[in-house]
There are 2 protein chains.
Amino acid sequence: MTGDAMDGHTTASPYTPSVPPLLRQLGTAHTWDVAAELPVRYAIKQVEDLFDPDNPALLEYGNTARRLVVIDSRVASLYGERIARYFRLRHIKAEVLTLEASESVKDFPHAFTVVEALEAMGVNRRSEPLIAIGGGVLLDIAGFAASIYRRGVPYVRVPTNLMAIVDASVGVKTGVNCLTRRNRMGSYYAPIAAYLDRAFLATVDTRHLANGMGEIIKLAVIKDASLFDLIDAHSGLLMATRFQDSIVAPEVIRLSVQGMVEELAPNLWETELERVVDFGHSFSPMVEMTALPELLHGEAVGLDVLYSCILAWQRGWLEWCDVERVQQLMRRVGLPTHHPGFADVDLLERALTDTTRHRDGLQRLPLPVAIGRARFVNDLTRDEMTRAAGRMAEMTGAATMAVAA
Amino acid sequence: MTGDAMDGHTTASPYTPSVPPLLRQLGTAHTWDVAAELPVRYAIKQVEDLFDPDNPALLEYGNTARRLVVIDSRVASLYGERIARYFRLRHIKAEVLTLEASESVKDFPHAFTVVEALEAMGVNRRSEPLIAIGGGVLLDIAGFAASIYRRGVPYVRVPTNLMAIVDASVGVKTGVNCLTRRNRMGSYYAPIAAYLDRAFLATVDTRHLANGMGEIIKLAVIKDASLFDLIDAHSGLLMATRFQDSIVAPEVIRLSVQGMVEELAPNLWETELERVVDFGHSFSPMVEMTALPELLHGEAVGLDVLYSCILAWQRGWLEWCDVERVQQLMRRVGLPTHHPGFADVDLLERALTDTTRHRDGLQRLPLPVAIGRARFVNDLTRDEMTRAAGRMAEMTGAATMAVAA
């Protein structure tokens, strides 16, 4: 090899024999644009009696030999035997991992116990989907574990409370809290299926049913007037039977999930920042965080819905009687309609600033222009917020007096 | 509310007024099939002098204010000042996190230090992409952290050794080791860009250059005869100049990345199990694991390539002179051409069994039918493996004697 060859400028190269040096250099600046589409498919199924041993639904994906089942400890204490019997009678070897799932333990160590269980069992990553049974916290933890174990294994969601049925189980988000922030670690990772069985709601306490109703009312007010009419007419039935009637409750769940699917499916990865499902989630996150653990998520959402309805009324978009219908419905299902956080204009303004930052610099505030129809606002002022906070306090006072009278 | 209404069978429901009970029940079994496509786009750019302060390439995505830079400690000791100067002169506030990145610390705690740094800096999740600078281990750790922090923030890959340039930076895999297994936690998560600057190779030691050559030879033998001819003709130049010549080295990198992009881009999530890039990765994983830390990854791959070429020769698909060309090229770049693992037929058979399991029950073994052309085999026998192991030992012996003579 010659000295010329050693410094790489050999003229004997068969590859660029007569290209001037400058062009050779340019020739090295090659770029590849890689473009691909990841297809995401999953089924959301409204089912009856998922753990009836005659019901094959839960096992329609994967093999029929083994499953890892991750279950919320409270759900396990109520339904554990029935669930174990289901797998036993269907000849499935089910390994059950019971987790105490609550917001305070929604952390990486808990997700890692699921990873360890997957590894210990040596699950087949194609044919043995993880089955997660519980509320939103458990589904988020288990989904996150499924998403990172071996770069992703299939999992199935079985939500057991109303909030998880109409909200957490529709989308593809997973996550755990860390560094004192919610869902600071997580993924967008679709289950292969979610099975919505309202039988679990029979044992959900009233406050947590109301919590789920907060999200349903949100969706109804911002995009589905017929859903609003339905829950407005039958809230008593829904709450008293705990969604166990066979006509109204399935229809409420169907319309709620339908609405969520319509909004989430075209925007699974949240690239579109104008989201009507963010209704009720503009001021509430900071109020909820400040008030923890006093307010449940759906309670904070409900308060935000009512406050936002007042903002819409101030702009002449809602009739006052609509605002009152929303408030009265909330009261009937047991949702709070007032809270100091929604009288604290400084807090509300900070909340909107934070929300605006999350929405890439614009308020993108969904407000109803009628029950069931949305519009986005980017110019809400502090003055409007102050007046609405005053009106909300006044309204609540009036309502309280009316009840007392 | 009547008793009828309470048990949910009110005939006054306006929603299903005249539907017989059976149909009502069926009506509750609603299914939604959610289908979406996640668009994945990223650029792989072959660049010169990435850290020349006049080169804006690295900052073409995102804002021009701040960056979190995660860098391998060995790279930092060699290039840290130059990199700091780059950001300083371009008026970027760069927070630098230095990680000692090696296979033994490729774990979740290290990924979490990156998560903590992202949170501490409060990076804007749209406009401040994480910049990862290092070898495959560092890029895998930082990429995993970027993929899970707030369900994914953008990141940029700057590979600093040959293996990372031609292999790790082309695809979308991230990961950390856990539970004594490689990459047991990880994700498929594309960077927004990868910048391939061979200037870093000037300080890579010969053995690690050869390690990268293992992957390049693999790709050349299985799918690119012109790349094989190029490295065969210029291996001396490439190794002696450490890829610093301005003609052959850029072309070798260009062809290698081109080949990898052609194979990986249509199969980013590895749904297709017949992958020519798995050439050299059928027997080597178990040999590599058994031999750790004796063999580097590219060394094990090279041995597998040679062994597989002998298998192909036995089937009459390669000329013996082709096998010898491969062997001699490996020797010239400093790759081992024999190892006890490839004489241990029991080990090789276990390795193939494990590989077959990973490929969902079929061997799907890519073998060359000529230099540069592949075919998949599902019927390799133990007898063939035994004969090839013998031939490899014999060949090595013969070659050793020839050198000695």
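This report describes the symmetry and interface of two chains in a predicted model, and the surroundings of one residue, A:Ser187.

## Basis of the model

The model is predicted: local features need pLDDT of at least 70, side-chain atom pairs count only at pLDDT 80 or more, and totals for chains, interfaces and linings use all residues. Residues are numbered from 1 along each chain as its sequence is written, chains are lettered from A and ligands numbered from 1 in the order in which they are written, and side-chain values use heavy atoms, with hydrogens and water left out.

## Symmetry

A turn of 180 degrees with a shift of 0.0 Å along the axis lays chain B on chain A with an RMSD of 0.0 Å (least-squares superposition on the C-alpha atoms of residues with pLDDT of at least 70 in both copies). This is the relation of a two-fold axis. The same surface serves both copies, as 100% of the contact residues of chain B recur in chain A (contact means heavy atoms within 4.5 Å).

Among the residues of chain B, B:Leu38 comes closest to the rotation axis, its C-alpha lying at 2.4 Å.

## Interface

The size of an interface is often given as the accessible area lost when the parts come together. Between chain B and chain A about 7400 Å² is buried, with carbon and sulfur atoms giving 59% (accessible area lost by the two parts, 1.4 Å probe, summed over both). In chain B, the residues that lose the most area to chain A are B:Trp32, B:Val34 and B:Arg151, together 13% of what that side buries. The contact involves 78 residues of chain B and 78 residues of chain A.

The rule finds 6 salt bridges across this interface (a side-chain nitrogen of Lys or Arg within 4 Å of a carboxyl oxygen of Asp or Glu). A:Glu119 forms a salt bridge with B:Arg184, with the closest N and O atoms 2.9 Å apart. Strand E1 of chain B (residues 31-47) gives the most to the side of chain B that touches chain A, with 16 residues (strands are DSSP runs of E, at least two residues, numbered from the N terminus).

## Surroundings of A:Ser187

A:Ser187 belongs to strand E7 (residues 181-188) of chain A. With 10% relative accessibility, A:Ser187 counts as buried (under 20% relative accessible area, 1.4 Å probe, protein chains only).

Leaving aside neighbours within four places in sequence, A:Ser187 is in contact with A:Phe144, A:Ser147, A:Val172, A:Lys173, A:Thr174 and B:Arg151. B:Arg151 is also one of the residues of chain B that lose the most area to chain A.

Definitions and conventions
Helices (H or I, at least four residues) and strands (E, at least two) are DSSP runs, numbered from the N terminus. Buried means under 20% relative accessible area, exposed over 50%, partly exposed in between (1.4 Å probe, protein chains only).
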